[in-house]
Amino acid sequence: MKELSSYVRTIPDFPIPGIMFRDITGILDSAEGFAFSIDELAKRAEKLQFDLVAGIESRGFIFAAPLALRFQKPFIPFRKKGKLPGKTIQQEFKLEYGSSILEVNENAVRPGQRVLIVDDLIATGGSAKAGQALVERLGGTVAGFLFVIELPSAKGRDALAPFPVESLISFEGD
């Protein structure tokens, strides 16, 4: 098995100049790499107690859904504005290169439920923090955060304190 980081391509200046985009499609187009990433995320999830697994649109869905299935827990999607039917609540957040809005169905989390939030990458932590706010507004508690990739220089982990934060690989720089 090769190093998980070797499956990740770096695309300079995408989606805007100055951003070094970390592309996970190399993990996904390798059955071995994808299975390894899910197994490693599951090992980290085993340390946490949770009732639901939430994935952040859209690449977070790719990793969160198999974890929900593995642990026999419901999966809830945090989607971009206007993508969910029914009544939703929203949370605006800042990205490294702009801003966005996440939504979740207003009945996705019941009071007291513990939610594991999963995404492919953490940089500033803006989208994960928005997910946390949505969970808490619905009366739930965040059990922890799991990411495939972390960009430590963006200090997203600090933004999510005091919750448990785990990532599989880190890339220094932007």
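Let us start in the sheet, where strand β3 (residues 52–56) runs parallel to β7 and is joined to it by 4 bridges. Strands count as paired here when DSSP finds at least two bridges between them, and the elements themselves are DSSP runs numbered from the N terminus, with helices (H or I) of at least four residues and strands (E) of at least two. This is a predicted model, in which local features need pLDDT of at least 70 and side-chain atom pairs count only at pLDDT 80 or more, while totals for chains, interfaces and linings use all residues. Residues are numbered from 1 along each chain as its sequence is written, and side-chain values use heavy atoms, with hydrogens and water left out.

Look along β3 and you can follow its register with β7. Val53 has Leu116 of β7 as its bridge partner, and Gly55 is partnered by Val118. On β3, Leu52, Ala54 and Ile56 point one way while Val53 and Gly55 point the other way, and all are buried; buried means under 20% relative accessible area, exposed over 50%, and partly exposed in between, using a 1.4 Å probe and protein chains only. This pattern is a familiar one, because in a regular strand the side chains alternate between the two faces of the sheet. β3 also pairs with strand β4 (residues 75–80), in the parallel sense and over 4 bridges, and there Ile56 stands opposite Phe78. Together β3, α3 and β4 make a right-handed β-α-β unit, where right-handed means that, with the strands pointing away from the viewer, the path from the first strand over the helix to the second runs clockwise.

Now move to β7, a mostly covered strand with 8 of its 9 residues buried. Besides β3, β7 has β8 as a parallel partner, joined by 8 bridges, with Ile117 opposite Phe145 of β8. To get from β7 to β8 the chain passes through helix α4 (residues 126–137), and this β-α-β crossover is right-handed.

What do these strands help to build? The largest nonpolar core has 28 residues, of which Leu116, Val118, Val148 and Ile149 touch the most other members. A core of this kind is a set of buried Ala, Val, Leu, Ile, Met, Phe, Trp, Tyr and Cys residues joined through side-chain atoms within 4.5 Å. At least two residues of this core come from each of α2 (31–45), α3 (59–71), β7 (114–122), β8 (141–150) and β9 (165–170). Val148 is a good place to pause: leaving aside neighbours within four places in sequence, its contacts (heavy atoms within 4.5 Å) include Leu4, Ile27, Leu41, Phe63 and Leu168. A second, separate core of 25 residues includes Ala54, Ile76, Val115 and Ala130.

The aromatic rings are worth a visit too. There are 6 aromatic pairs, counted when ring centres of Phe, Tyr and Trp (its six-membered ring) lie within 6.5 Å; planes under 30 degrees apart count as stacked, over 60 as edge-to-face and the rest as tilted. Phe14 and Phe21 have ring centres 5.1 Å apart and planes at 85°, so they form an edge-to-face pair. Phe14 is partly exposed at 42% relative accessibility, whereas Phe21 is buried at 15%. Phe145 and Phe147 are a stacked pair, because their planes lie at 5° with the centres 6.3 Å apart. Phe145 is buried at 0% relative accessibility, and Phe147 is buried at 1%. Phe145, Phe147 and Phe163 form one aromatic cluster.

Finally, some backbone details in the loops. Phe14 is also joined to Pro15 by a cis peptide bond, with omega about 5°, and Pro15 sits in the loop between β1 (9–12) and β2 (20–23). Asp13 lies in the loop between β1 and β2 as well, with a positive phi near 60° in a residue other than glycine. A cis peptide bond also runs from Ala161 to Pro162, with omega near 10°, and Pro162 is in the loop between α5 (156–159) and β9. Lys155, in the loop between β8 and α5, has a positive phi near 60° and is exposed at 54% relative accessibility.
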